[in-house]
Amino acid sequence: MASVYSAPARTKSSSTLSMLREHWGWFALITGILVMMVLLGPILAPFAIAATFAYMGDPLVDRLETYRMSRTVGVCLVFVVVTAVTALALVLVVPLLQVQILSLIDNAPAWAQWVQDVALPKLGITMPRGYQFDVESLRKFMTSHWDGASGIASTAFDYVSRSTPALLGFLANLFLIPIVSFYLLRDWDTMVLKIRKLIPRRLLPQASTFAAETDDVLSALIRGQLLVMLALAIIYSLGLWAIGLNVALLVGIMAGLVSFVPYLGFILGLLAASIAMLVQEQALMPLIYVIIVFTVGQMLEGGVLTPMLVGDRIGLHPVAVIFAIMAGGQLFGFVGVLVALPVAAVLAVLVRHALRRWERSTLYLDVDEVPPPVSTEILIGTKQDAASIP
């Protein structure tokens with residue numbers, strides 16, 4: 001019985017080696033492309049952002065095409081709508097953020113004085129005489145460098161313009177993103193079809209099933225997580241505004257933006273809001289209201305927002321999410337942080353497919369054990385995809 005199972009293994013091994021020897025050039029080309037992508041990591045940020053925008057906008061353009069609208073016109077319409085919504089959001093939010101940032105800057109010396117004279121002594125901490133806050137110098141510095149919105153803009157521009165290549169690179173990337181997004185979105189379906197034609201015919205059913213599952217996971221992750229971040233930013237901002245925090249919008253938006261990392265938005269937002277409220281009111285009772293706001297937001301995220309907008313299709317453990325973001329940042333910098341979660345989601349799909357194959361392999365099963373049947377979902381996807389092979 002053992003020999004019956006060992007022969008196919010030797011046949012598969014020999015066929016694999018012969019395939020590698022016969023097609024080594026293609027494998028070398030793929031390896032070279034991957035190495036090139038790693039080397040070009042610092043300049044891939046605008047393309048990664050543009051590809052994300054194109055992926056998110058493709059379903060909208062596809063829906064417009066069902067109304068007998070050309071692809072180009074649909075892309076232009078989506079761009080106009082997105083640009084109008086973004087401009088409206090900036091017009092409404094930026095002035096409010098500017099007021100809160102200026103208020104934060106104006107009150108910073110007074111807050112530093114309160115921390116030094118009141119908060120630290122209550123905690124039993126006494127600063128050495130030579131290391132006390134120089135509140136007057138801090139006030140002069142803030143007044144001279146942050147005098148209104150023009151001061152903020154001029155300071156930021158002076159800081160960025162010190163390095164002309166960095167400034168030119170930032171502006172180039174800023175203008176490159178919408179241009180690349182437009183062309184990618186216009187030709188998205190064509191590019192997908194060309195990639196499909198490059199897949200070997202014998203692997204097309206499995207590749208199509210894998211692509212469908214990956215698309216399901218990525219759409220749930222990217223679109224759903226963005227909606228969750230937006231909802232949390234609104235919930236935190238409104239809640240903090242209701243309890244009277246002066247920098248409610250600033251803290252709420254910050255907590256919402258970093259909430260794609262599990263519990264990070266909750267922890268950072270709670271700490272920032274607690275410190276701001278403590279300095280503002282100089283009392284402990286308002287901190288209870290801050291805790292209530294973030295507790296309610298966390299409960300809504302875990303019980304309503306994430307299940308409704310993202311669902312359980314991603315299959316990423318919170319520890320895996322944190323590791324993926326840290327690993328992406330370590331390997332590829334800012335681009336790695338941007339693509340960490342989508343790449344981790346795709347890898348999770350690969351791992352699930354690999355585990356299915358492992359559970360049906362001769363290495364895993366006993367010699368007299370029958371492999372488990374393929375799931376109905378996989379069979380249905382394979383048959384449909386095989387029927388659509390040209």
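R71 and E65 join their side chains in a salt bridge, with an N to O distance of 3.1 Å. The model is predicted. R71 is buried, at 11% relative accessibility. That value falls under the 20% cut-off for a buried residue. E65 is partly exposed, with a relative accessible area of 30%.

R71 also meets D189 in a salt bridge, again given as 3.1 Å, N to O. D189 lies in helix 8 (residues 188-198) and R71 in helix 4 (residues 71-122), so this pair ties together parts that are 118 residues apart in sequence. D189 is partly exposed, at 34% relative accessible area.

These residues belong to a network. Salt bridges link D58, D62, E65, R71 and D189. A search of the whole structure finds 7 salt bridges.

Another of the pairs is R356 with E213, whose side chains form a salt bridge at 3.7 Å, N to O. This pair links distant parts of the chain: R356 sits in helix 13 (residues 318-359) and E213 in helix 9 (residues 204-242), 143 residues apart. R356 counts as partly exposed, at 28% relative accessibility. E213 is buried, with a relative accessible area of 15%. Side chains of opposite charge can pair when their charged atoms come close.

**Overall fold**

The protein chain holds 14 helices and 0 strands. Its elements, read from the N terminus, are α throughout. Of its 390 residues, 27% count as buried. Among contacts with a separation of 6 or more, 69% are between residues 24 or more positions apart.

**Helix packing**

Three helix pairs are set out below.

| Helix pair | Angle | Axis separation |
|---|---|---|
| Helix 9 and helix 12 | about 155° | 10 Å |
| Helix 9 and helix 10 | about 155° | 7 Å |
| Helix 10 and helix 11 | roughly 160° | within 8 Å |

Take helix 9 and helix 12 (residues 285-310). They pack at an angle of about 155°. Helix 9 is therefore roughly antiparallel to helix 12, since an angle over 145 degrees counts as such. The crossing of the two is right-handed. On the helix 9 side, the contact includes A220, G224, L232, Y236 and L240; on the helix 12 side, it includes V293, F294, G297, E301 and V310. By class, the contact has 14 nonpolar, 6 polar and 1 charged residues.

Helix 9 also packs against helix 10, at about 155° with axes 7 Å apart. That angle makes helix 9 roughly antiparallel to helix 10. This crossing is right-handed. Helix 9 contributes M229, L232, A233, Y236, S237, L240 and W241, while helix 10 contributes A248, L249, V251, G252, I253, A255, G256 and L257. The contact divides into 12 nonpolar, 3 polar and no charged residues.

Helix 10 (residues 248-257) turns to helix 11 (residues 264-281) as well. Their axes come within 8 Å and cross at roughly 160°. The two helices are therefore roughly antiparallel to each other. Helix 10 passes helix 11 in a right-handed crossing. V251, M254 and A255 of helix 10 make the contact with G265, L268, G269, A272 and A273 of helix 11. Its residues fall into 6 nonpolar, 2 polar and no charged.

**A255 at the helix contacts**

Which residue of helix 10 deserves a closer look? A255 has its place in helix 10. A255 takes part in the contact with helix 9, and A255 also takes part in the contact with helix 11.

Is A255 buried or exposed? A255 counts as buried, at 0% relative accessibility.

Leaving out residues up to four places away in sequence, A255 touches Y236, G265, G269 and F294. Y236 is one of the helix 9 residues that meet helix 10. Y236 and F294 are also listed in the contact of helix 9 with helix 12. G265 and G269 belong to the helix 11 side of its contact with helix 10. The C-alpha atoms of A255 and G269 are separated by 4.8 Å, with their positions 14 residues apart along the chain counted as the spacing.

Methods. Residues are numbered from 1 along each chain as its sequence is written. This is a predicted model: local features need pLDDT of at least 70, side-chain atom pairs count only at pLDDT 80 or more; totals for chains, interfaces and linings use all residues. Side-chain values use heavy atoms; hydrogens and water are left out. A salt bridge is a side-chain nitrogen of Lys or Arg within 4 Å of a carboxyl oxygen of Asp or Glu. Buried means under 20% relative accessible area, exposed over 50%, partly exposed in between (1.4 Å probe, protein chains only). Helices (H or I, at least four residues) and strands (E, at least two) are DSSP runs, numbered from the N terminus. Axes are lines fitted to C-alpha atoms, for helices over the stretch in contact, and angles run from 0 to 180 degrees between N-to-C directions. Angles under 35 degrees count as roughly parallel, over 145 as roughly antiparallel, 65 to 115 as roughly perpendicular and the rest as oblique. A crossing is left-handed if the near helix is turned anticlockwise from the far one by less than a right angle, and right-handed if clockwise. Contact means heavy atoms within 4.5 Å. Ala, Val, Leu, Ile, Met, Phe, Trp, Tyr, Cys and Pro count as nonpolar, Asp, Glu, Lys and Arg as charged, and the others, Gly among them, as polar.
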